[in-house]
Amino acid sequence: EARLQFAARRVRKEYLCLAQGVVKEVPLFIKAPIAEGSSALGATRSYISPLGRHAFTEVVDSATLVDADGQLFSLMQVRLHTGRTHQIRCHLA
C-alpha cells in the first residue's frame, strides 16, 4: 500500500531541517538538477549539475536561531517535490 502511494505521488515528504546561515525569504523554491557520481575514494556522492535529474525543494517556513557564540542558524520546514538522493543537502548547501 505505501509503495503504491509513493509511486502515485500521494505522499507528501516534509522535513524539519537545521542549517547554518539565514534564509532571508520564504517561501523559497529551489529547482536545481542533482547528479550522482563516485568520489576519488569510490563513495557515491550527489551534487548539483546541469547533467543531473530534475529536483525541486520548497522551503515552506523558516525561523532564525542564534547560538551562545552568536552564530546564526535557520530552522526550516522543507517540502520535497522530488526524491533525489541527498536532495536537501545539495539544495541547502
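What follows is a walk through this structure, from a charged network to the nonpolar core and a few backbone oddities. Keep in mind that the model is predicted.

Let's start with Glu 58, which sits in strand S5, the stretch covering residues 56–66. Is Glu 58 buried or exposed? With a relative accessible area of 11%, Glu 58 falls below the 20% cut-off, so this acidic residue counts as buried. Who keeps Glu 58 company there? Setting aside residues within four places in sequence, Glu 58 is in contact with Pro 27, Leu 28, Phe 29, Gln 77, Val 78, Arg 79 and His 81. Two of those names deserve a closer look. The side chain of His 81 makes a polar contact of 2.8 Å with the side chain of Glu 58. Arg 79, for its part, forms a salt bridge with Glu 58, at 3.5 Å from N to O. Glu 58 belongs to strand S5 and Arg 79 to strand S6, so this pair ties together parts that are 21 residues apart in sequence.

Now follow Arg 79 to its other partner. Side chains of opposite charge can pair when their charged atoms come close. Arg 79 also meets the side chain of Glu 14 in a salt bridge, here at 2.7 Å from N to O. Since Glu 14 lies in strand S1 and Arg 79 in strand S6, that link ties together parts 65 residues apart in sequence. Arg 79 has a relative accessible area of 15%, so it is buried. Glu 14, at 35%, is partly exposed.

From Glu 14 the trail goes on to Arg 12, through a salt bridge of 4.0 Å, N to O. Arg 12 has a relative accessibility of 60% and counts as exposed. How many salt bridges does the structure hold? There are 3. As for how they hang together, Glu 58 and Arg 79 share a salt bridge at 3.5 Å, and bridges with shared partners join Arg 12, Glu 14, Glu 58 and Arg 79 into one network.

Next, the greasy side of things. In soluble globular proteins, nonpolar side chains tend to be buried together. Here the largest nonpolar core has 9 residues: Cys 17, Ala 19, Val 23, Ile 30, Val 59, Met 76, Val 78, Leu 80 and Ile 88. Strand S1 (13–20) and strand S6 (72–80) each supply at least two residues of this core. Which strand gives the largest share? That would be S6, with 3 residues.

Val 23, one of the core residues, makes a handy stepping stone. Not counting residues up to four places away in sequence, Val 23 touches Leu 28, Ser 62, Ser 74 and Met 76. Step across to Leu 28, and you are in strand S2, residues 28–31. Leu 28 has a relative accessible area of 31%, so it is partly exposed. Beyond four places in sequence, Leu 28 touches Val 23, Thr 57, Glu 58 and Val 59. That brings us back to Glu 58: the C-alpha atoms of Leu 28 and Glu 58 are separated by 5.7 Å, although the two residues are 30 apart along the chain.

Some nonpolar residues show up on the surface as well. Leu 16, Leu 18, Leu 65 and Leu 75 make a nonpolar surface patch of about 390 Å². Take Leu 16 as an example: it lies in strand S1, and its relative accessibility of 67% is over the 50% cut-off, which means that Leu 16 counts as exposed. Strand S1 thus turns up in several parts of this tour: Glu 14 of the salt bridges lies in S1, at least two core residues come from S1, and Leu 16 of the patch is there too.

Finally, two spots where the backbone is worth a look. Where is Pro 27 found? It is in the loop between S1 and S2. The peptide bond joining Val 26 and Pro 27 is cis, with omega at about 0 degrees. Pro 27 is also among the residues in contact with Glu 58. The other spot is His 86, in the loop between S6 and helix H2 (87–92). His 86 is not a glycine, yet its phi is positive, about 60 degrees. At 39% relative accessibility, His 86 counts as partly exposed.

Methods:
Residues are numbered from 1 along each chain as its sequence is written. This is a predicted model: local features need pLDDT of at least 70, side-chain atom pairs count only at pLDDT 80 or more; totals for chains, interfaces and linings use all residues. Side-chain values use heavy atoms; hydrogens and water are left out. Helices (H or I, at least four residues) and strands (E, at least two) are DSSP runs, numbered from the N terminus. Buried means under 20% relative accessible area, exposed over 50%, partly exposed in between (1.4 Å probe, protein chains only). A polar contact is a pair of N or O atoms within 3.5 Å; within protein, one must be able to donate a hydrogen and the other to accept it, and residues adjacent in sequence count only if both atoms are side-chain atoms. Contact means heavy atoms within 4.5 Å. A nonpolar core is a set of buried Ala, Val, Leu, Ile, Met, Phe, Trp, Tyr and Cys residues joined through side-chain atoms within 4.5 Å. Patches are made of residues with over 30% relative accessible area and no salt bridge: like charges are joined within 9 Å, nonpolar side chains (Val, Leu, Ile, Met, Phe, Trp, Tyr) within 5 Å. Accessible areas come from the Shrake-Rupley method with a 1.4 Å probe; for residues, only the protein chains shown count as cover.
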